[in-house]
Amino acid sequence: MDNRHQSEREYIRYHAATSGEHLVAGIHGLAHGIIGGLTSVITSTVEGVKTEGGVSGFISGLGKGLVGTVTKPVAGALDFASETAQAVRDTATLSGPSFIAVENIDSYCVLISSKAVYFLKSGDYVDREAIFLEVKYDDLYHCLVSKDHGKVYVQVTKKAVNSSSGVSIPGPSHQKPMVHVKSEGLAVKLSQEINYAKSLYYEQQLMLRLTENQERLELDS
(Lines give C-alpha, C1' and ligand atoms only; values in the text may rest on other atoms or scores of the structure.)
Protein backbone atom coordinates (compact mmCIF):
# COMPACT_ATOMS: atom_id res chain seq x y z
CA MET A 1 0.00 0.00 0.00
CA ASP A 2 3.04 2.29 0.35
CA ASN A 3 4.25 2.87 -3.22
CA ARG A 4 7.36 4.78 -2.18
CA HIS A 5 8.46 2.05 0.22
CA GLN A 6 7.78 -0.61 -2.42
CA SER A 7 9.82 1.28 -5.03
CA GLU A 8 12.77 1.58 -2.62
CA ARG A 9 12.47 -2.12 -1.81
CA GLU A 10 12.54 -3.11 -5.48
CA TYR A 11 15.49 -0.80 -6.13
CA ILE A 12 17.50 -2.55 -3.41
CA ARG A 13 16.67 -6.02 -4.74
CA TYR A 14 17.11 -5.51 -8.46
CA HIS A 15 20.50 -3.83 -8.27
CA ALA A 16 22.18 -6.92 -6.83
CA ALA A 17 24.08 -8.89 -9.48
CA THR A 18 26.79 -10.93 -7.73
CA SER A 19 26.55 -13.22 -4.72
CA GLY A 20 28.20 -10.61 -2.50
CA GLU A 21 25.78 -7.95 -3.69
CA HIS A 22 22.83 -10.27 -3.07
CA LEU A 23 23.93 -10.69 0.55
CA VAL A 24 24.33 -6.92 1.01
CA ALA A 25 20.96 -6.35 -0.67
CA GLY A 26 19.36 -8.83 1.74
CA ILE A 27 20.79 -6.99 4.75
CA HIS A 28 19.70 -3.63 3.32
CA GLY A 29 16.24 -5.03 2.58
CA LEU A 30 15.88 -6.28 6.16
CA ALA A 31 17.00 -2.94 7.61
CA HIS A 32 14.72 -1.07 5.20
CA GLY A 33 11.75 -3.17 6.31
CA ILE A 34 12.44 -2.72 10.02
CA ILE A 35 12.96 1.05 9.72
CA GLY A 36 9.91 1.29 7.46
CA GLY A 37 7.81 -0.51 10.04
CA LEU A 38 8.99 1.72 12.88
CA THR A 39 8.26 4.93 10.96
CA SER A 40 5.24 3.69 9.01
CA VAL A 41 2.55 5.37 11.09
CA ILE A 42 4.18 8.80 10.86
CA THR A 43 5.24 8.70 7.18
CA SER A 44 1.99 7.18 5.91
CA THR A 45 -0.18 9.58 7.92
CA VAL A 46 1.76 12.61 6.66
CA GLU A 47 1.57 11.27 3.10
CA GLY A 48 -2.18 10.72 3.45
CA VAL A 49 -2.77 14.28 4.63
CA LYS A 50 -0.64 15.64 1.77
CA THR A 51 -2.29 13.64 -1.01
CA GLU A 52 -5.92 13.41 0.16
CA GLY A 53 -6.13 16.21 2.69
CA GLY A 54 -8.32 16.69 5.73
CA VAL A 55 -9.68 14.07 8.07
CA SER A 56 -10.15 11.43 5.34
CA GLY A 57 -6.49 11.67 4.35
CA PHE A 58 -5.43 11.45 8.00
CA ILE A 59 -7.53 8.34 8.62
CA SER A 60 -6.45 6.70 5.35
CA GLY A 61 -2.78 7.40 6.02
CA LEU A 62 -3.06 6.23 9.63
CA GLY A 63 -4.65 2.95 8.49
CA LYS A 64 -1.91 2.34 5.95
CA GLY A 65 0.69 3.18 8.56
CA LEU A 66 -0.70 0.68 11.06
CA VAL A 67 -0.73 -2.04 8.40
CA GLY A 68 2.83 -1.10 7.41
CA THR A 69 4.15 -1.59 10.94
CA VAL A 70 3.56 -5.32 10.42
CA THR A 71 3.92 -5.87 6.69
CA LYS A 72 7.11 -3.88 6.11
CA PRO A 73 9.33 -5.80 8.58
CA VAL A 74 7.87 -9.09 7.28
CA ALA A 75 8.64 -8.07 3.69
CA GLY A 76 12.16 -7.08 4.77
CA ALA A 77 12.70 -10.48 6.40
CA LEU A 78 11.48 -12.24 3.24
CA ASP A 79 13.81 -10.12 1.11
CA PHE A 80 16.71 -11.01 3.40
CA ALA A 81 15.92 -14.74 3.14
CA SER A 82 15.48 -14.56 -0.63
CA GLU A 83 18.67 -12.61 -1.31
CA THR A 84 20.74 -14.77 1.08
CA ALA A 85 19.49 -17.92 -0.66
CA GLN A 86 20.34 -16.40 -4.04
CA ALA A 87 23.85 -15.56 -2.81
CA VAL A 88 24.38 -19.14 -1.64
CA ARG A 89 22.98 -20.48 -4.90
CA ASP A 90 25.26 -18.26 -7.02
CA THR A 91 28.30 -19.29 -4.99
CA ALA A 92 27.46 -22.97 -5.33
CA THR A 93 26.72 -22.67 -9.05
CA LEU A 94 29.73 -20.59 -10.02
CA SER A 95 32.29 -22.41 -7.90
CA GLY A 96 32.14 -25.49 -10.15
CA PRO A 97 33.36 -28.92 -9.07
CA SER A 98 35.81 -28.44 -6.18
CA PHE A 99 37.98 -31.14 -4.66
CA ILE A 100 37.09 -32.45 -1.21
CA ALA A 101 39.83 -35.05 -0.75
CA VAL A 102 42.78 -36.68 -2.54
CA GLU A 103 44.13 -40.10 -1.57
CA ASN A 104 47.24 -41.77 -3.03
CA ILE A 105 47.04 -45.57 -3.16
CA ASP A 106 50.07 -47.35 -4.62
CA SER A 107 49.64 -47.31 -8.41
CA TYR A 108 46.64 -44.98 -8.49
CA CYS A 109 45.03 -42.09 -6.65
CA VAL A 110 41.48 -41.13 -5.80
CA LEU A 111 40.12 -37.63 -6.33
CA ILE A 112 36.88 -36.94 -4.48
CA SER A 113 35.22 -33.81 -5.83
CA SER A 114 31.94 -32.06 -5.07
CA LYS A 115 30.21 -33.75 -8.04
CA ALA A 116 31.99 -37.05 -8.73
CA VAL A 117 34.74 -39.41 -7.61
CA TYR A 118 37.67 -40.20 -9.92
CA PHE A 119 40.12 -43.10 -9.80
CA LEU A 120 43.29 -42.21 -11.73
CA LYS A 121 46.48 -44.01 -12.67
CA SER A 122 49.49 -42.50 -10.97
CA GLY A 123 52.10 -40.83 -13.13
CA ASP A 124 54.18 -37.72 -13.68
CA TYR A 125 51.50 -36.28 -15.95
CA VAL A 126 47.80 -36.66 -15.23
CA ASP A 127 45.15 -35.99 -17.86
CA ARG A 128 41.68 -37.24 -18.78
CA GLU A 129 43.08 -40.51 -20.14
CA ALA A 130 44.49 -41.35 -16.72
CA ILE A 131 40.97 -41.80 -15.30
CA PHE A 132 40.10 -45.50 -15.24
CA LEU A 133 36.91 -45.11 -13.19
CA GLU A 134 34.60 -42.12 -12.83
CA VAL A 135 31.33 -42.17 -10.91
CA LYS A 136 29.08 -39.15 -10.65
CA TYR A 137 27.02 -38.82 -7.49
CA ASP A 138 23.86 -38.69 -9.58
CA ASP A 139 24.68 -42.29 -10.59
CA LEU A 140 26.02 -43.47 -7.22
CA TYR A 141 23.85 -45.61 -4.96
CA HIS A 142 26.43 -46.15 -2.24
CA CYS A 143 30.10 -46.94 -1.58
CA LEU A 144 31.18 -49.68 0.80
CA VAL A 145 34.12 -51.88 1.80
CA SER A 146 34.23 -55.39 0.36
CA LYS A 147 36.54 -58.34 1.07
CA ASP A 148 37.35 -61.24 -1.23
CA HIS A 149 39.98 -63.94 -0.70
CA GLY A 150 41.81 -61.89 1.89
CA LYS A 151 41.94 -58.74 -0.25
CA VAL A 152 40.16 -55.47 0.53
CA TYR A 153 38.25 -53.46 -2.05
CA VAL A 154 36.25 -50.26 -2.29
CA GLN A 155 32.99 -51.17 -4.00
CA VAL A 156 31.15 -48.39 -5.84
CA THR A 157 27.58 -49.50 -6.47
CA LYS A 158 25.73 -47.58 -9.17
CA LYS A 159 22.02 -46.79 -9.24
CA ALA A 160 19.29 -48.72 -11.00
CA VAL A 161 15.64 -47.73 -11.36
CA ASN A 162 13.18 -50.32 -10.08
CA SER A 163 9.81 -49.79 -11.75
CA SER A 164 8.24 -53.20 -11.09
CA SER A 165 5.66 -51.58 -8.84
CA GLY A 166 4.83 -48.97 -11.45
CA VAL A 167 6.72 -46.30 -9.48
CA SER A 168 10.33 -45.50 -10.32
CA ILE A 169 12.38 -46.13 -7.18
CA PRO A 170 16.21 -45.80 -7.31
CA GLY A 171 17.99 -48.88 -6.03
CA PRO A 172 21.31 -50.73 -6.41
CA SER A 173 22.21 -51.99 -9.86
CA HIS A 174 24.38 -54.92 -10.93
CA GLN A 175 27.15 -52.46 -11.81
CA LYS A 176 29.45 -52.63 -8.78
CA PRO A 177 33.01 -51.66 -9.79
CA MET A 178 35.57 -52.75 -7.21
CA VAL A 179 38.99 -51.17 -6.70
CA HIS A 180 41.68 -52.91 -4.66
CA VAL A 181 42.93 -51.03 -1.60
CA LYS A 182 46.07 -51.97 0.34
CA SER A 183 44.50 -51.83 3.82
CA GLU A 184 41.08 -52.09 5.40
CA GLY A 185 41.60 -48.85 7.32
CA LEU A 186 42.24 -46.92 4.11
CA ALA A 187 39.27 -48.59 2.42
CA VAL A 188 36.97 -47.55 5.28
CA LYS A 189 38.32 -44.00 5.11
CA LEU A 190 37.79 -43.81 1.34
CA SER A 191 34.28 -45.22 1.62
CA GLN A 192 33.34 -42.71 4.30
CA GLU A 193 34.78 -39.77 2.32
CA ILE A 194 32.94 -40.76 -0.86
CA ASN A 195 29.61 -41.26 0.93
CA TYR A 196 30.07 -37.96 2.76
CA ALA A 197 30.80 -36.12 -0.51
CA LYS A 198 27.70 -37.70 -2.02
CA SER A 199 25.54 -36.51 0.89
CA LEU A 200 26.94 -32.97 0.50
CA TYR A 201 26.10 -33.07 -3.20
CA TYR A 202 22.47 -34.02 -2.56
CA GLU A 203 22.11 -31.39 0.15
CA GLN A 204 23.33 -28.81 -2.35
CA GLN A 205 20.89 -30.03 -5.01
CA LEU A 206 18.02 -29.86 -2.50
CA MET A 207 18.99 -26.33 -1.56
CA LEU A 208 19.05 -25.25 -5.20
CA ARG A 209 15.65 -26.81 -5.88
CA LEU A 210 14.12 -25.06 -2.87
CA THR A 211 15.56 -21.74 -4.03
CA GLU A 212 14.21 -22.26 -7.56
CA ASN A 213 10.75 -23.08 -6.19
CA GLN A 214 10.84 -19.94 -4.05
CA GLU A 215 11.73 -17.86 -7.11
CA ARG A 216 8.83 -19.37 -9.08
CA LEU A 217 6.41 -18.56 -6.24
CA GLU A 218 7.68 -14.97 -6.15
CA LEU A 219 7.26 -14.63 -9.90
CA ASP A 220 3.76 -16.12 -9.78
CA SER A 221 2.75 -13.73 -7.01
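**Salt bridges, rings and cores**

User: At 39% relative accessibility, what does Glu 184 count as?
Analyst: Under 20% relative accessible area is buried and over 50% exposed, with partly exposed in between (1.4 Å probe, protein chains only). Glu 184 comes out at 39%, so the label is partly exposed.

User: Before we go on, what kind of model is this?
Analyst: Numbering runs from 1 along each chain as its sequence is written, and side-chain values use heavy atoms, leaving out hydrogens and water. Local features need pLDDT of at least 70 and side-chain atom pairs 80 or more, while totals for chains, interfaces and linings use all residues, because the model is predicted.

User: Which residue does Glu 184 form a salt bridge with?
Analyst: A salt bridge needs a side-chain nitrogen of Lys or Arg within 4 Å of a carboxyl oxygen of Asp or Glu. For Glu 184, the closest N and O atoms are 2.9 Å apart, and the partner is Lys 147. That pair joins distant parts of the chain, 37 residues apart: helix α4 holds Glu 184, and strand β5 holds Lys 147.

User: And is Lys 147 buried or exposed?
Analyst: Check its relative accessible area, which is 54%. That makes Lys 147 exposed.

User: How many salt bridges does a search of the whole structure find, and how far apart in sequence are Glu 103 and Lys 189?
Analyst: The search turns up two salt bridges. In one of them, the side chains of Glu 103 and Lys 189 meet at 3.2 Å, N to O. Glu 103 sits in strand β1 and Lys 189 in helix α4, so here too distant parts of the chain are linked, with a separation of 86 residues.

User: Is Glu 103 buried or exposed?
Analyst: Its partner Lys 189 has a relative accessible area of 39%, so that end is partly exposed. Glu 103 has just 11%, so it is buried.

User: What is the angle between the ring planes of Tyr 108 and Phe 132?
Analyst: Rings of Phe, Tyr and Trp (its six-membered ring) pair if their centres lie within 6.5 Å; planes under 30 degrees apart are stacked, over 60 edge-to-face, the rest tilted. A search of the whole structure finds five such pairs. Tyr 108 and Phe 119 are tilted, because their centres are 6.4 Å apart and their planes at 45°. Tyr 108 and Phe 132, at 5.7 Å centre to centre, form an edge-to-face pair, with a plane angle of 90°.

User: Which strands do Tyr 108 and Phe 132 lie in?
Analyst: Strands (E, at least two residues) and helices (H or I, at least four) are DSSP runs, numbered from the N terminus. The pair ties together parts 24 residues apart in sequence, because Tyr 108 and Phe 132 lie in β2 and β4.

User: Which residues make up the ring cluster that contains Tyr 108?
Analyst: Tyr 108 is buried at 8% and Phe 119 at 1%, whereas Phe 132 is partly exposed at 39%. Ring pairs join these into a cluster: Tyr 108, Phe 119 and Phe 132.

User: Which element gives the largest share of the largest nonpolar core?
Analyst: A nonpolar core is a set of buried Ala, Val, Leu, Ile, Met, Phe, Trp, Tyr and Cys residues joined through side-chain atoms within 4.5 Å. Of the 23 residues in the largest one, Val 110, Ile 112, Val 117 and Phe 119 touch the most other members. Elements supplying at least two residues each include β1, β2 and β3. The largest share, six residues, comes from α4.
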